[in-house]
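Student: Please pick one part of this protein and take a close look at it with me. I would like to follow your reasoning from that part to the rest of the fold.

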Amino acid sequence: KNIYDPPIVLYVKGELKEEDKLSLAIVGSRRASFYGLNSAEKFAYELSEKGFTIISGMARGVDTYAHRGALKQGGRTIAVMGSGFNHIYPSENKGLAEKIANNGAVISEFPCEVRPLPQNFPQRNRVISGLSLGVLVVEAARNSGALITADFGLEQGRDVFALPGKVDSQTSFGTNGLIKQGAKLVSCVEDILEEFNLPEEQAKKDKVEKTDKSDAVDGEEGRIYDLISSQSVHLDELLEKTNLDIPQISDILLKLQLKKLIKQLPGKQFVRV
């Protein structure tokens, strides 16, 4: 609502939540290298662990892997489309769109019948940056649409981050150019976190969570709950730290899930809600 030329309406499949205010856009080339794809997924996964909602455009390449990284961690992600809901683009991401809607939201400012026309994508990029506190450009050629998103981010007063690449790589010309122009060079997720003072904010959040839960759980339940945080923990680690047997700890974990204090992720991982 607060950007220049905001969309008149947003069509939403899924749910936008208050926690999505802590969000970062991850964008980049549709024809990204293995390095770019791997980096997009890694940064999305690690930022999700820290509580960030990952915003991207669900395009091929970097966008797709950014959404996948957030989903892999069990975090929230939002996809901003350049078409209407009756024309999911690219078509191979229809399944991904469903997963995103179940763990965040797929949104568009375009009515359902609007096709993915080329002029729609620069327009939707201002929404990607507008929803975010900052924009991370992973890989981008000289005329990449990801650079348009970065430009919108600068106009909107957002932080712009760029991942450096090989000087002879066409898909790194754009990111290296952004760094020359003053974008923050990032090599690890901590380079981003320090811009938002997240460790301090996370400590406050953990303190609040601990206070809130004290009225809800005690005894063995409280002991297990204290071992689970916003970062996922494996069942084997809980067994090792508590010396309980599997039936006992499974019963406690189930009770905590029923109280909606924790949730189970794939691979017997548990995380606080």
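**A backbone angle and what lies beyond it**

Tutor: Let's start with Asp 5, which sits in the segment before β1. Keep in mind that we are looking at a predicted model. The backbone at Asp 5 has a positive phi of about 55°, although Asp 5 is not a glycine. That deserves a second look because most residues other than glycine have a negative phi. As for its surroundings, Asp 5 counts as partly exposed because its relative accessibility is 48%, which lies between the 20% and 50% limits.

Where else does phi turn positive? One such place is Asn 243, a residue other than glycine with phi near 60°. Asn 243 belongs to the loop between α10 (235–242) and α11 (246–258). Here the relative accessibility is 70%, so Asn 243 counts as exposed.

The backbone has another feature to show you, this time in a peptide bond. Going from Tyr 89 to Pro 90, the bond is cis, with omega near -5°. Pro 90 lies in the loop between β4 (77–80) and α3 (94–102). For background, most peptide bonds are trans.

Now come back towards the start of the chain. After β1 (11–14) a loop leads to β2, and Glu 18 is in that loop. Glu 18 is exposed because 59% of its area is accessible in relative terms, and the limit for that word is over 50%. Its side chain still has a partner: a polar contact of 2.8 Å joins the side chains of Glu 18 and Lys 21.

From here we can turn to a pocket. The second largest pocket has a volume of about 570 Å³. It is lined by 21 residues, and those closest to its centre are Lys 1, Asn 2, Leu 10, Gly 130 and Leu 131. The lining holds eleven nonpolar, three polar and seven charged residues. Helix α4 (residues 120–130) gives the largest share of that lining, three residues.

How covered is α4 itself? Mostly: eight of its eleven residues are buried, among them Asn 120, Phe 121, Arg 124 and Ser 129. Let's zoom in on Ser 129, which is in α4. Ser 129 counts as buried because its relative accessibility is 0%. Leaving out residues up to four places away in sequence, Ser 129 touches Val 135, Thr 149, Phe 152, Gly 153, Gln 156 and Arg 158.

Finally, let's visit the nonpolar interior. The largest nonpolar core has 22 residues, and Leu 24, Ile 26, Leu 47, Ile 54, Leu 136 and Ile 192 touch the most other members. Two or more residues each come from β2 (23–27), α1 (34–49), α2 (62–73) and α7 (189–193). The largest share, five residues, is from α1. Leu 47 shows how the parts come together: beyond its neighbours within four places in sequence, Leu 47 is in contact with Leu 24, Ile 26, Phe 52, Ile 54, Val 189, Ile 192 and Leu 193. There is also a second, separate core of 19 residues, which includes Ile 107, Val 135, Ala 146 and Ala 150. You have met Val 135 already, as one of the residues that Ser 129 touches.

Conventions. Residues numbered from 1 in each chain as written. Predicted model: local features only at pLDDT ≥ 70, side-chain atom pairs only at ≥ 80, totals over all residues. Heavy atoms only, no water. Core = buried A, V, L, I, M, F, W, Y, C linked by side-chain atoms within 4.5 Å. Buried < 20%, exposed > 50% of the residue type's maximum accessible area, 1.4 Å probe, protein only. Helix = DSSP H or I, 4+ residues; strand = E, 2+ residues; numbered from the N terminus. Contact = heavy atoms within 4.5 Å. Polar contact = N/O pair within 3.5 Å; in protein donor to acceptor, adjacent residues only side chain to side chain. 1 Å grid on protein atoms, 1.4 Å probe; cavity = no way out; pocket = protein on both sides within 12 Å on 5 of 7 lines; lining within 4 Å. Points joined across faces, edges and corners; volume = space filled by probe spheres on them. Nonpolar A, V, L, I, M, F, W, Y, C, P; charged D, E, K, R; others polar.
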